[in-house]
Amino acid sequence: MAGNRLVEDPDSDEEQLAVDGLVRNKNSRFVYLLTFLSAIGGFLLGYDAGVVSGAMILLKDEFALTYAWQTALVSSTIAAAGVFSLIGGLFNERFGRKPVILCASFVFTLGSLLMASANTRTALLTGRVVVGIGIGLVSVTSSVYIAELVPSRLRGRLVTANAVLIAAGQLTAGCIDGLFAYDTAAGWRYMLAMGAVPAMVQFIGFVFLPETPAWLITNGQHEAAKAALRRVRDVDTADVDEEFSVMKMTIEERSRNAATNGCKSIVKDVLRQPALRRALIVGCLLHMFQQFIGINAVM
């Protein structure tokens, strides 16, 4: 019946859309900032992978490196990164995403300065291992931090920022290598030291960023989780409370399943769902073929 119809006010709707747009723009800028700061971890990975090839040209003569030493200097970082990417998962669950990224950026900065100031092959090797530790920790954490903190409407495009900055780091490393290649006396020191700059930017920026709501809820810090959601969501308090409740229920159910059936139940759940199973297979195959093409050996 016409008398029972709701009458909409177009002007009121336009005003509300304008207010929502201002809030969304403000929060979206913050989301993009935290994504960039987190994805610096990918930049560090790409930079180190690229810069060592240019620096090695000068290091061979500076330290009279044998093939064994050259292999050790390159592979030690990869080995340390592999080990600490596994350990990093445990650190993430125990201490949180934010502390792990802070630790990783500090360690990477320390490793870069150790390499740049090295006067012996052993000191240089030590710096390479330290850098590898930082890479391992941040590589397993940065994408998780982005995925757990950004709104779902932006999650797909922003998680890829980490991969984009890996390529940006490789490109930057090539430019830095070319810039200092003619300084045969100290050029390699500048190449290796430059990695400390983005690592320090990440460290300083992350001091002011929140922990992810998922980790906070898992560890019983519910008010802190709501506060973190409010900082990155473009919705009102009621909607934040609703999202918090959904997240809390999901995490509690996942914890109960893990406690009852162990980690195998989570893997089975993923494999049972066609969409997740396809995503898992495609992701694994992409990483596998990326390594099989031999780009790491070329770089």
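Two rings of Phe, Tyr or Trp count as a pair here if their centres lie within 6.5 Å, and a pair is called edge-to-face when the planes are over 60 degrees apart. In this predicted model, six such aromatic pairs turn up. One of them joins Phe91 and Phe95, whose ring centres sit 5.9 Å apart with 65 degrees between the planes, so the pair goes down as edge-to-face. Both residues belong to helix α2, which runs over residues 67-95, and they are four residues apart, or about one turn of the helix. Neither ring is hidden away: Phe91 is partly exposed at 31% relative accessible area, and Phe95 is also partly exposed, at 45%.

Another pair, Phe106 with Phe203, is tilted, with 6.5 Å from centre to centre and 50 degrees between the planes. This one bridges distant parts of the chain, since Phe106 comes from helix α3 (residues 97-116) and Phe203 from helix α9 (residues 196-206), 97 residues apart. Phe203 has a relative accessible area of 32%, which makes it partly exposed.

Phe106 and Phe203 show up again on the surface, in a nonpolar patch with Leu110, Leu114, Ile204, Val207 and Phe208. Together these residues offer about 660 Å² of accessible area. Helices α3 and α9 each put in at least two residues, and α3 gives the most, with three.

Elsewhere, an aromatic ring meets a charge: Lys226 lies over the face of Phe244, at 5.0 Å from the ring centre.

Note on methods
Residues numbered from 1 in each chain as written. Predicted model: local features only at pLDDT ≥ 70, side-chain atom pairs only at ≥ 80, totals over all residues. Heavy atoms only, no water. Phe/Tyr/Trp six-rings, centres within 6.5 Å; stacked < 30°, edge-to-face > 60°. Buried < 20%, exposed > 50% of the residue type's maximum accessible area, 1.4 Å probe, protein only. Lys NZ or Arg CZ within 6 Å of the ring centre and 35° of its normal. Patch = residues over 30% accessible without salt bridge, like charges linked within 9 Å, V, L, I, M, F, W, Y side chains within 5 Å. Areas by Shrake-Rupley, 256 points an atom, 1.4 Å probe, with all protein chains shown as cover. Salt bridge = Lys/Arg side-chain N within 4 Å of Asp/Glu carboxyl O.
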